[in-house]
Amino acid sequence: MAPDPNTTVLLIEESPTLRYALERLLRDSGFAVAAAETFSAGLERLSAAPGAAGIGVVIIGWPVHTRPEADDLFTLLEEPDLAAVPVLVMVTDPEPATRAWVVRRSHTAMLDWRLHTEAAATINTLRAAREAGEGVLEPPLADQGGTRVLFVDDSPSVRAYYRRLLSGQGYRLEMAANVDEGFDKARSQPFDIAIIDYFMPGANGDVLCRWLRDDPATRHITSAIFTSTYLDQVIQDSLNAGAAECMFKDEHDALFLARVAAMSRSVAGRRSIEAERQRLQSILNSVGEGVYGVDAEGRITFVNPAARLILGYDENRELLGQSAHELFHYADQNGTPIAPLSGLLQSSYGSRQILRSWETCFWTREGSSVPIECTVYPLYMAREQQGSVVAFRDISERKNLEERLLWQATHDALTELFNRRYFEEQLEAECQWQQRQRATSALLYLDLDHFKYINDTEGHAAGDALLIQVGRRLLERLRRTDTLARLGGDEFAILLRNIEPEELQEASEAFRAAVSEQDFNYHGKTFKVRASIGAALIDAGTPSPGEALAEADIACHVAKQQGGNRSHVYDPHDRHKDLMDRELGWSNRLREALRVDNFLLHYQPIIPLGGLDGAQLDSLPDGNLWNWFAGHPASCHACFEVLLRLRGPDGEAIAPDNFIPTAERFYLMPEIDEWVLRNALLKLGEMNRVFRKACFSINVSGHTLCNRDWPARVQRLIGEHGVDPGCVTFEVTETAAICDMGAARRAINSIRDLGCRFSLDDFGTGFSSFSQMKQLPVDYIKIDGMFVQAMASDPIDQAMVQSMNDIAHCLGRQTVAEYVNSRDILQLLIACGVDHAQGHYIARPLEDPAMVGE
């Protein structure tokens, strides 16, 4: 039943501390509370309102000693016009007279102060009972005869004691000595409640709770853990296992019986209230907020169990009357003492100052600091301030999380070095410092040589392990004042503070040697580790952090161009920066060309040589071979290699040699290759309406081929344009494919499954050409023009072409010869048995492949 905010709870309690605690709890639960500080004031309030009009519930703290005004109050509450008003009596140790009055009066309940957190739920129960017309609400400590209780404890003396205690209250009792015996009895006999010791030989009590909860035959049993040790983990494990209560062996018998009685009432029909109580109790236990009060001088006047637990104290008497400042907030988190007069907490005690969400630290009994967040409110009694109330909670977990988040924001997760963001902040601060100090520092930019080969051939796990090893090697060489970071990929940066210019080359070499002196071992394989380092000075003349990073990057690029595994110090007088600026300009032009469709396609014919002989060639004039082939009645195919061009500012066609290296460096090839494929397929659809069957050979880069999305894109575009996949051949350069043979093979197989074909381009120029021809599942071998164009004058080149052609045929591949620039070369290719040819002698690249005979 939800609290009615329009119904006033009249709270009559003389103790300011108890009144404050209960009033705060009731207000937080949504009740309107009117507090009376004396029995006389309560009596006056009830007498002034006929029939207690406007008062929904009366809560009375039972007096320790008999008082005339208290007797008058209890007599008034038994008058007929007040008999229907629900009354909750709060007790510490109930006397027989208290029990008798509670039992005698209708709509009355009794609650132990140590269970004051159940007050809101008990009020709702009282109101619900009155609305339902029930005359008497059983007091929590009333006899509970008929309830069947299973008591599980390994101690015979404990079992004997509680058998007498529970049997004396009328409970029907069965005993068990361990978890297994308890579970067997629970399955064989009907029980309402199971009270289970937590620490027992064999298995702890939470195991039995879990069994009872999970077994359909015992799921109805309300279980409670019984322990002599107050541990959060014990309580959490027990409640998670299904226990409805966690009781303690050192509790007063009356409190123990009150808990059992509460469970008995729950079993009898108030399961919804008990479930809500469990939920609220679980929330309260998990929050762990501590509360203590102090007088104007800062001496502790009360403290709750959660506060004792956080501070490491067992008894209230160890804290009461002591100075809070001297006991647990005498120093900051570093242990530096705080003078009482300068401490914010101490100065707020006794004042009207309110502190909200103030973060500081408390010191435990064992001498360890605990970060806490506290709120301080002034405490008023009889309209006079009587010190302050402090609510606090342990925020260690939050602080640890904040530190972890800060670490993650500034560190690389793999190597645990600083990340690029943090390094750039440090670099900016260093450049600003140099402007003021007029000294010199340096920036090292390190890039691993052949990292991609290890990463691709051995897998990303190997690459990650190598990066971690390199990071550790660099850390070993690092000075305390230097900063090392991983910028991304296989790139590292080092900020060397206070270094002379003449020392920079030697320092760079030292870091390079630190990386190279130890091989990388992975799964039984050994790899040489090499790195290129670019170094740049930072001084008052450095324009910006970005400029310093660019200079170090340029120097690293120079070291790479010089063969790698070396260091290079940036020289402002060399031209490498201009070259890199031109590359950056090309990258911008290529991105713009992709955006505005500023590329061109040309088409160079490829003819089959199987139907040609020397006599036919002699009868044809030079330069007309393609026209003859295209118009020959026997020809049924028209094949073209698709060639990419970039449209220049004046409309001229720029050859790919000028921009492809830049596109590969800036990873633009996948986008460019997709543009080529889309537009080539569009043209191919038009061509198949001119020739009986046209075929296109389309170049694809190694970057694109190793992109796992490329096969799906090919399938989608072929489907969109309605092109026969058998009319599409992809040309891949073997030196590109060799970077990641596994990825290339998988991509080729996926695309060949669609019906497309593959050609290995520039065959013969790589260091492992014949091996790659055997491994890659291609249909055509394209003999590099370097051998073809000189074979008419060089017998060695002629023998090379003959050998490559024979081996390709042995492996079931067809051959294509490029750079066919004369009739003599074409005749030699026919004699060698080469299958196809292309070159300027046959035809130059055409802007429109349908232009035949022009």
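1. T410 counts as buried in this predicted model, because its relative accessibility is 17% and the cut-off for buried is under 20%. T410 belongs to helix α15, which covers residues 396-410. Setting aside neighbours within four places in sequence, the residues in contact with T410 are L417, F418, N419 and Y422.

2. Helix α1 runs over residues 16-28, and its end C-alpha atoms lie 18 Å apart. That agrees with expectation, because 13 residues at 1.5 Å a residue should span 18 Å. After α1 comes G30, which has a positive phi, near 100 degrees.

3. Which residues of α1 are buried? They are R19, L22, E23, L25 and L26. Viewed down the axis of α1, the buried residues occupy an arc of 165 degrees, so they line one face of the helix. The elements that cover them include the strands β1 (8-12), β2 (32-36), β3 (55-61) and β4 (87-91), together with the helix α5 (119-131).

4. On aromatic residues, the count of ring pairs comes to 23. One of them is Y161 with Y162: the ring centres are 5.1 Å apart and the planes stand at 85 degrees, so this pair is edge-to-face. An angle over 60 degrees is what that class requires. Y162 is buried, with a relative accessible area of 6%, whereas Y161, at 35% relative accessibility, counts as partly exposed.

5. F730 and F758 make a pair of another class: their planes are at 35 degrees and their centres 5.6 Å apart, so the pair is tilted. The pair links distant parts of the chain, with the two positions 28 residues apart in numbering. F730 lies in strand β27 (residues 728-733) and F758 in strand β28 (residues 757-763). Both F730 and F758 are buried.

6. Y161 and Y162 also belong to an aromatic cluster. Its other members are F151, F226 and F256.

7. Charged groups sit over rings at two places worth checking in the viewer. The charged end of R148 is over the ring of F191, at 5.4 Å from the ring centre. In the other case, the charged end of R477 is over the ring of F511, and here the distance to the ring centre is 5.6 Å.

Note on methods:
Residues numbered from 1 in each chain as written. Predicted model: local features only at pLDDT ≥ 70, side-chain atom pairs only at ≥ 80, totals over all residues. Heavy atoms only, no water. Phe/Tyr/Trp six-rings, centres within 6.5 Å; stacked < 30°, edge-to-face > 60°. Buried < 20%, exposed > 50% of the residue type's maximum accessible area, 1.4 Å probe, protein only. Helix = DSSP H or I, 4+ residues; strand = E, 2+ residues; numbered from the N terminus. Lys NZ or Arg CZ within 6 Å of the ring centre and 35° of its normal. Contact = heavy atoms within 4.5 Å. Expected span 1.5 Å × (residues − 1). Arc of directions from axis to C-beta.
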